Amino acid sequence: MHTGLKIGAFAAALAATFGTAYGVGQGVAPVVEDRPPASHDRHTEVSPEGGDGHGGHEATPAGGLQISEGGYTLDLRTPRVTAGKQSELRFAIRDDSGRAVTAYRREHEKELHLIVASRDLVTYRHLHPTRAADGTWSISVELPRAGGYRVFADFTPGKKGAENLTLGADLAASGPYEPKDMPSPASTASTDGYEVGLSGGLRPGKEGELKLTVSRNGRPVTDLQPYLGAYGHLVVLRSGDLAYLHVHPNSTTKPGPDISFTATAPSSGTYRLFLDFKHEGTVHTAAFTVRAGQASAAEPTHDAGHGH
């Protein structure tokens, strides 16, 4: 997986009205906020047309925009689940001959990173599924409410010269549906007893620095631990089409309470940021809403963070 920012996208179609049921054949709809278990991970940067570069300094073609790319296809064998119930997600990555891929290059300690996000950008999961010998990936997941979700598979095939890819597919969770508004822009987020401050901001088509400061009980946390080879992972999703960005810190040295990232927003608009950090053996996720072109520090409201 690239250590810059990676952007994928999927169409945002919000459907149904308040109080209706989300059926497996309906259009996508928002998902209600939840607080999943504290364990997850991820990374990357964006150009105006989407992209990925280490620390946000290089741009590459957009990822996650389609289910097939570069001769590989995401075969999501579980296209629908039941909201509020434990379900097993199963999928395979197939090559251009239709065979399931069984050789991958390990990046950031994993062969494949899986992101599941709701279309309202409230529910978020960073998962690491298990691969069977036949190339089938699987992982147990419980999605909180009915609605539309997007699944992103981030991987690099083991084939010599293969490049990193992010493929995306839609996932539906059936059950009683209730819309949820995205939280307002904020410069602080609380999660699991930690408070994370955000300064800087996203700039459309230009690099911008995002600095996140972790504290607990009013004191800076200076002993953050590395997680998947980095001291923090930042995933950014754009409201509307959920353009996908994954960013790693600018420095590989121990950051203390501050973690700095460089990212480029592909356009103006509202984005949802998910920061993964590890402390005292546990991974936590803090979530923010920001608008590209506006410094986050100018938005004094508070927002609750969410674990994967």
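Strands here are DSSP runs of at least two residues, numbered from the N terminus. The model is predicted, and the loop between β6 (112-118) and β7 (124-127) is a convenient place to enter it.

Leu121 sits in that loop. Its phi is positive, about 65°, although Leu121 is not a glycine. Leu121 has a relative accessible area of 0%, so it is buried, the cut-off for that word being under 20%. Arg119 belongs to the loop between β6 and β7 as well. With a relative accessible area of 7%, Arg119 is also buried. The side chain of Arg119 makes a polar contact of 2.5 Å with the side chain of Asp170.

A second leucine with a positive phi is found further along the chain. Leu228, again not a glycine, has a phi of about 50°. Its place is the loop between β15 (219-220) and β16 (233-238). Leu228 is buried too, at 5% relative accessibility.

From the loops the reader can turn to a sheet. Five strands form an open sheet in the order β2-β3-β5-β9-β8, and their pairing is antiparallel. The edges are held by β2 (68-69) and β8 (130-131); each has a single partner strand, so one side of each lacks a neighbour in the sheet. In general, the strands of a sheet pair through backbone hydrogen bonds, in parallel or antiparallel fashion. At one edge, β8 is joined to β9 (residues 136-142) by two bridges, and the two strands run antiparallel. Within this part of the sheet, Arg131 stands opposite Trp137 of β9.

Next comes the interior. In soluble globular proteins, nonpolar side chains tend to be buried together. The largest nonpolar core of this model has 29 residues, and the members that touch the most others are Phe91, Ile93, Leu112, Leu114, Val116, Phe155 and Leu171. Two or more residues each come from β3 (72-76), β5 (86-94), β6, β9, β10 (147-155) and β11 (165-176). The largest share, five residues, is given by β11.

What does Ile93 touch, leaving aside residues up to four places away in sequence? The contacts of Ile93 are Tyr72, Thr73, Leu74, Arg99, Ala100, Val101, Tyr104, Leu112, Ala153 and Phe155. Apart from the largest core lies another one, with 27 residues, including Leu224, Leu245, Phe261 and Tyr271.

Conventions
Residues are numbered from 1 along each chain as its sequence is written. This is a predicted model: local features need pLDDT of at least 70, side-chain atom pairs count only at pLDDT 80 or more; totals for chains, interfaces and linings use all residues. Side-chain values use heavy atoms; hydrogens and water are left out. Helices (H or I, at least four residues) and strands (E, at least two) are DSSP runs, numbered from the N terminus. Buried means under 20% relative accessible area, exposed over 50%, partly exposed in between (1.4 Å probe, protein chains only). Two strands pair if DSSP finds at least two bridges between them. A polar contact is a pair of N or O atoms within 3.5 Å; within protein, one must be able to donate a hydrogen and the other to accept it, and residues adjacent in sequence count only if both atoms are side-chain atoms. A nonpolar core is a set of buried Ala, Val, Leu, Ile, Met, Phe, Trp, Tyr and Cys residues joined through side-chain atoms within 4.5 Å. Contact means heavy atoms within 4.5 Å.
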